[in-house]
Amino acid sequence: MPTITVSEAHRHIGQRVTLKGWLYNRRSSGKILFLQIRDGSGVIQAVLGASDNPDLFAKADQFSRETSLVVHGVVKEDARASIGCELLLEDADVIHQPSVDFPIELKEQTPGFLMDHRHLWMRTGRQVPVLRVRDAAFYAFRQFFHERGFVATEAPILTGTSVEGTTTLFELDYFGDSAYLSQSGQLYLEATAMALGRVYWIGPAFRAEKSKTRKHVTEFWIAEAEMAFYDHAMNLDLQEDLVRYIVTHVIEERGPELKELGQDVEQLQREVAEPFARLDYGDAVTLLQELGHDVSFGDDFGAPQEASLGDHFGKPVFIERFPVEMKPFYMKRDPADPTRVMAADLIAPEGYGEIIGGSQRVDTEEELVSQLTEAGLPTEPYQWYIDLRRFGSVPHSGFGMGLARVIAWITGVSHIREVIPFPRQINRLYP
Ligand code: 4AD
Ligand code: MG
């Protein structure tokens, strides 16, 4: 008897199989018992009639939710089931039967309660398909760069400097000195790109940001790339290709999960089908004013402005060439207008906000030192980073993507904490 997963069941119609999993839910008419069995790959309904096997019926009728089980039976085609089949139950061995009721009920519960039980909540409902989509998005990110000959690398998490400003640093004691949790691997990737040409990584990033929005967590996995000999325009083209690739591949690989989540896959496909919109920052301010927003040149866009831009274009939008004052020290200024940087943020449709921040990097020692000084940063801890501009400096560019926001957009989940296995927020370190 082959041991199979729920996702493989439809290929075993008419066969006697073994499945290992947990009891997700149970329902009985008194004469027929329906066991929903989940194994991480899907949920299958196992069916047993009281008259078929009275002993097994009596035993299985006692199983409580989340009992771990090994079940045996015959796979039967069933067009009504979302997986196309069910299991005619012939035997069931209990591995562990909980002695108390599983706390997550299959009805609405408050977000706070669910978050406090994240370790159990993740087994239920939308959580499983969402985490499977997350896996596919991570895989697509890596595959995109691997196919293009980029080299996967790493950046340290313990760092001595800031990348994205000093106000959001987690500081810790490092043998009597200060160290910081990395906000982004960018500076290290710039060094690695000068060794390897084109590089990428996905790793943890930390922001001691007091934002309580649905798009902010204090720890997230940042997906970054850095390319020697890439200018600003090449950087944007690559980002656009990447986002289209991830969305397309996730739809291909996790179509059933997206359907289960009730996502409008065709709308997603439409959103990435055409070239993304590209808008100068100044033009974006003007457009937002026309759309009725109270914004002025020099303002950061908040959630309502980002949502409005997304609605206006119905697809991702690059906002380019921000005023120097709005952005960090490492961005290259536009030679045609040194009050602007050659940077862009990519705004997702449907109000999911900024999914990518990227820029061409400052590439001369003189400009870098003066931009560090203007930003009020000491040059000494950045000496290694300045060195990159002293030994064969080249034009180079890169970007960082908040994959959680991309996954929220693809899955339609409203708060990014739900697409992260164990999210960290200002007021949450448990579980
Ligand atoms: O725009 P950010 O701050 O850019 C950087 O960190 C650059 N050093 C990246 C680079 O050029 N290599 O962050 C990049 C992306 C944002 O666009 C956003 O999607 C996400 O990271 N992000 C967050 N996601 C969740 N929670 C937070 N607190 C986030 N802060 C940024
Ligand atoms: Mg940004």
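**Exercise 1. Sort residues of helix α11 in this predicted model by exposure: which lie on the other side from the buried ones?**

Step 1. Take the exposed set. E366, T373 and E374 are exposed. The cut-off for that class is over 50% relative accessible area.

Step 2. Take the buried set. L368, Q371 and L372 of α11 are buried. Around the axis they cover an arc of only 100°, which puts them on the same side of α11.

Step 3. Place the two sets. The exposed residues E366, T373 and E374 sit on the other side of α11.

Step 4. Ask what lies over the buried residues. Their cover includes β15 and α12 (383-387).

Step 5. Look past the helix. G376 follows α11 and has a positive phi, near 75°.

**Exercise 2. Analyse the salt bridge between K332 and E367: which parts of the chain does the pair link?**

Step 1. Check the distance. The closest N and O atoms of K332 and E367 are 3.8 Å apart. The cut-off is within 4 Å, and the pair forms a salt bridge.

Step 2. Locate the partners. K332 is in the loop between β14 (317-320) and β15 (333-334). E367 is in helix α11 (residues 365-374). The pair links distant parts of the chain, 35 residues apart.

Step 3. Classify each residue. K332 has a relative accessible area of 13%, so it is buried. E367, at 26%, is partly exposed.

**Exercise 3. Treat E306 and K215 likewise: are they buried or exposed?**

Step 1. Give the contact. E306 forms a salt bridge with K215, with 3.2 Å between the closest N and O atoms.

Step 2. Locate the partners. E306 lies in helix α10 (residues 303-313), and K215 in the loop between β11 (198-206) and β12 (219-228). These positions are 91 residues apart in sequence, so the pair ties together separate parts.

Step 3. Classify. Both E306 and K215 are buried.

**Exercise 4. Examine D116 and R428: how many residues apart in sequence are the parts that this pair ties together?**

Step 1. Establish the contact. The two side chains of D116 and R428 meet in a salt bridge at 3.0 Å, N to O.

Step 2. Place them. D116 lies in helix α2 (residues 111-116) and R428 in the segment after α13 (403-411), so the pair ties together parts 312 residues apart in sequence.

Step 3. Classify. D116 counts as partly exposed at 34% relative accessibility. R428 is buried at 14%.

**Exercise 5. Widen the view: how many salt bridges does the structure hold?**

Step 1. Take the total. The structure holds 29 salt bridges.

Step 2. Look for shared partners. Salt bridges that share partners join E190, E226, R361 and R389 into one network.

Terms used:
Residues numbered from 1 in each chain as written. Chains lettered and ligands numbered in written order. Predicted model: local features only at pLDDT ≥ 70, side-chain atom pairs only at ≥ 80, totals over all residues. Heavy atoms only, no water. Helix = DSSP H or I, 4+ residues; strand = E, 2+ residues; numbered from the N terminus. Buried < 20%, exposed > 50% of the residue type's maximum accessible area, 1.4 Å probe, protein only. Arc of directions from axis to C-beta. Contact = heavy atoms within 4.5 Å.
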